[in-house]
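Work through the exercises below with the model open. Try each task before reading its solution.

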Amino acid sequence: MFLLQKVDLTVKKIKSNAANLITLLNLSFGGASIMASLNEAYNYSVLFIFIAAFLDRYDGKVARKYNQESALGKQLDSMGDIISFGVAPAILMYEIIFSNFGLPGMFITVFYITCGAFRLARFNCTESSGYFVGLPITAAGTLLTITFFLVPIFSPVFYLIVSPLLALLMISTFTLKKV
């Protein structure tokens with residue numbers, strides 16, 4: 001009887017923390033991506049961002065399934081998103097492309113991260129309406145990461161346009177229906 005109660009309590013604790021655990025894994029893969037970029041392991045960096053995107057897709061679903069949505073979970077999700085889809089893709093692109101442009105490259109990198117942070121803060125301050133306002137940072141970060149595969153094809157100038165464009169789309173006020 002005692003063992004069954006302990007097992008039941010453990011299962012309840014896992015369910016109540018599952019979404020936050022997935023979010024922390026998302027954040028961890030974002031951090032690993034940054035470290036991989038700084039160590040010139042760019043393929044791993046890209047892989048880690050894609051794994052973070054997969055995890056980000058499911059943390060909210062798990063929270064809703066187990067009725068565990070919370071203010072802490074929302075904030076934690078934003079912290080994970082700024083690392084995994086703001087800082088990680090920006091550092092990846094900085095290491096590959098923007099570092100060759102000196103100060104303008106640094107500016108573009110910081111601009112992208114700043115716009116991502118602003119977008120997340122705005123999202124956290126508004127009531128859910130069934131629509132995203134501006135491009136979600138997960139989408140922007142994933143798109144920026146996908147452009148890694150285009151490095152041999154496009155001129156570095158292409159990235160001087162794409163990164164600020166994605167940043168501006170994040171802070172824009174157009175709406176997208178949530179799916």
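**Exercise 1. List the residues through which H3 and H5 meet, then classify the pairing of these two helices.**

Solution.
- Start with the contact. On the H3 side, the residues are Asp81, Ile82, Phe85, Gly86, Pro89, Ala90, Leu92 and Met93. On the H5 side, they are Ile137, Thr138, Gly141, Thr142, Leu144 and Thr145.
- Sort them by class. The H3–H5 contact holds eight nonpolar, five polar and one charged residues.
- Keep the source in mind: this is a predicted model.
- Now take the geometry. Two packed helices are described by the angle between their axes and the distance between the axes.
- H3 spans residues 71–96 and H5 spans residues 137–146. Their axes come within 9 Å and cross at roughly 25 degrees.
- Apply the cut-off: angles under 35 degrees count as roughly parallel. H3 and H5 are therefore roughly parallel to each other.
- Add the hand. The H3–H5 crossing is left-handed.

**Exercise 2. Repeat the analysis for H4 and H5.**

Solution.
- Read the geometry. The axes of H4 and H5 come within 10 Å, with a crossing angle of roughly 155 degrees.
- Apply the cut-off: angles over 145 degrees count as roughly antiparallel. H4 is therefore roughly antiparallel to H5.
- Find the contact. Tyr112, Gly116, Arg119 and Leu120 of H4 meet Ile137, Ala140, Gly141 and Leu144 of H5.
- Sort by class. Five of the H4–H5 contact residues are nonpolar, two are polar and one is charged.

**Exercise 3. Describe the largest pocket: its volume, its lining and the elements that supply the lining.**

Solution.
- Volume: the largest pocket holds about 1100 Å³ of space.
- Lining: 35 residues line the largest pocket. Nearest its centre lie Gly60, Arg64, Asp77, Phe123 and Phe132.
- Elements: H1 (2–38), H2 (42–65), H3, H4 (103–125), H5 and strand E2 (175–177) each give at least two lining residues.
- Main supplier: H2 has the largest share of the lining, with eight residues.
- Class: the lining has 11 nonpolar, 11 polar and 13 charged residues.

**Exercise 4. Set these pieces in the whole chain. How many helices and strands are there, and in what order do the elements run?**

Solution.
- Count: the protein chain has six helices and two strands.
- Order: from the N terminus, the elements run α-α-α-α-β-α-α-β.
- Extent: the C-alpha trace spans about 65 × 35 × 25 Å along its principal axes.

Key. Residues numbered from 1 in each chain as written. Predicted model: local features only at pLDDT ≥ 70, side-chain atom pairs only at ≥ 80, totals over all residues. Heavy atoms only, no water. Axes fitted to C-alpha atoms, helices over the stretch in contact; angles between N-to-C directions. Helix = DSSP H or I, 4+ residues; strand = E, 2+ residues; numbered from the N terminus. Parallel < 35°, antiparallel > 145°, perpendicular 65-115°, else oblique. Left-handed = near helix turned anticlockwise from the far one by under 90°. Contact = heavy atoms within 4.5 Å. Nonpolar A, V, L, I, M, F, W, Y, C, P; charged D, E, K, R; others polar. 1 Å grid on protein atoms, 1.4 Å probe; cavity = no way out; pocket = protein on both sides within 12 Å on 5 of 7 lines; lining within 4 Å. Points joined across faces, edges and corners; volume = space filled by probe spheres on them.
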